Amino acid sequence: MSRTRRVRVTRRRPLWRWRHNPLRRHSDVVEAWIVLAVWTVALLGGLLAGGAAGAAVHRGFADRRAATHSVSARLTENAAKGSPVFAGYDVGKSWVTVRWRAADGSTRTGLAKAPPTAKAGSRLQVWVNHGGQLVGPPPSGAEVACDSLATAFLVAPLVATAVWGGGWVVRRQLIRRRLAEWDAEWRQIGPQWRNFSGGKG
């Protein structure tokens, strides 16, 4: 007794769904290209925009760090007599008057944050700009990396969503145009179809 061998036939779907379809219209091809272009631009554009935004934030922090430098200042009073800090990451410290020597040799004074136990005459590292004015400390390397990545992850999906939204609007216009074309064709073919079907179509 001979055995019948089953052969599984797999149909290969073309990568381009409208390529061999006799019902393909020009608007179908345009829509397929638009979908491909929108997804490509959304993915690549989002990645590039996010990377550019993160790099811009990183450059901004680098410029800020390059515009400042630290100097050694001396407290002119006990920190316990200064005004306490009530907000930010330095809660618990006090605003005290410090004195330091600028690059031109002149003596400068200003307010800086110091631990409440610091005594008058003790040393404190402060940050000044090229003009010799007190400024806040620049962010650390970890803070710069965190802010840069956060900016990149925020900008990338926003750009991708904007591109996808624009493509969706264009597709909606194409669909409306296609429906209008179908209505116009049916107004021409409909009467003939009703004649063929005995007036029941």
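Helices α1 and α2 each supply at least two residues of a nonpolar patch. In this predicted model, the patch sits on the surface and is formed by Trp39, Leu43, Trp164, Trp168 and Val169. Together these residues have about 570 Å² of accessible area. Which helix gives the most to the patch? The answer is α2, with 3 residues. One member you can look for is Trp168, which lies in helix α2. Trp168 has a relative accessible area of 46%, and because exposed means over 50%, Trp168 is called partly exposed.

Now let us turn to the charged residues. By the rule used here, the count comes to 4 salt bridges. A good place to start is Glu31, which forms a salt bridge with Arg171. The closest N and O atoms of Glu31 and Arg171 are 2.7 Å apart. Find both residues in the sequence and then in the 3D view: Glu31 lies in helix α1 (residues 26-66) and Arg171 in helix α2, so the pair ties together parts that are 140 residues apart in sequence. How well covered are the two partners? Glu31 has a relative accessibility of 6%, so Glu31 counts as buried. Arg171, in contrast, is partly exposed, with a relative accessible area of 32%.

Glu31 also forms a salt bridge with Arg178, and here the closest N and O atoms are 2.3 Å apart. Once again the pair links distant parts of the chain, with Glu31 in helix α1 and Arg178 in helix α2, 147 residues apart. Is Arg178 buried or exposed? With a relative accessible area of 12%, Arg178 is buried, because the cut-off for buried is under 20%. Put the pieces together and you have a network of salt bridges that links Glu31, Arg171 and Arg178.

Stay with Glu31 for a moment and look across to Leu174, which lies in helix α2. Leu174 and Glu31 are 143 residues apart in sequence, yet their C-alpha atoms are 7.2 Å apart in space. Which residues does Leu174 touch, not counting those up to four places away in sequence? They are Val30, Glu31 and Ile34. Leu174 has a relative accessibility of 14%, so Leu174 counts as buried.

Another salt bridge joins Arg177 and Glu181, with the closest N and O atoms 3.7 Å apart. Why is their separation about one helical turn? It is because Arg177 and Glu181 are 4 residues apart in helix α2. Arg177 is exposed, with a relative accessible area of 56%, while Glu181 is partly exposed at 31%.

Our last stop is Ser148, found in helix α2 (residues 141-196). Ser148 has a relative accessible area of 10%, so Ser148 is buried. What does the side chain of Ser148 reach? At 2.8 Å, you will find the backbone oxygen of Val144. Leaving aside neighbours within four places in sequence, Ser148 is also in contact with Gly54, Val57 and His58.

Key. Residues are numbered from 1 along each chain as its sequence is written. This is a predicted model: local features need pLDDT of at least 70, side-chain atom pairs count only at pLDDT 80 or more; totals for chains, interfaces and linings use all residues. Side-chain values use heavy atoms; hydrogens and water are left out. Buried means under 20% relative accessible area, exposed over 50%, partly exposed in between (1.4 Å probe, protein chains only). A polar contact is a pair of N or O atoms within 3.5 Å; within protein, one must be able to donate a hydrogen and the other to accept it, and residues adjacent in sequence count only if both atoms are side-chain atoms. Contact means heavy atoms within 4.5 Å. A salt bridge is a side-chain nitrogen of Lys or Arg within 4 Å of a carboxyl oxygen of Asp or Glu. Patches are made of residues with over 30% relative accessible area and no salt bridge: like charges are joined within 9 Å, nonpolar side chains (Val, Leu, Ile, Met, Phe, Trp, Tyr) within 5 Å. Accessible areas come from the Shrake-Rupley method with a 1.4 Å probe; for residues, only the protein chains shown count as cover.
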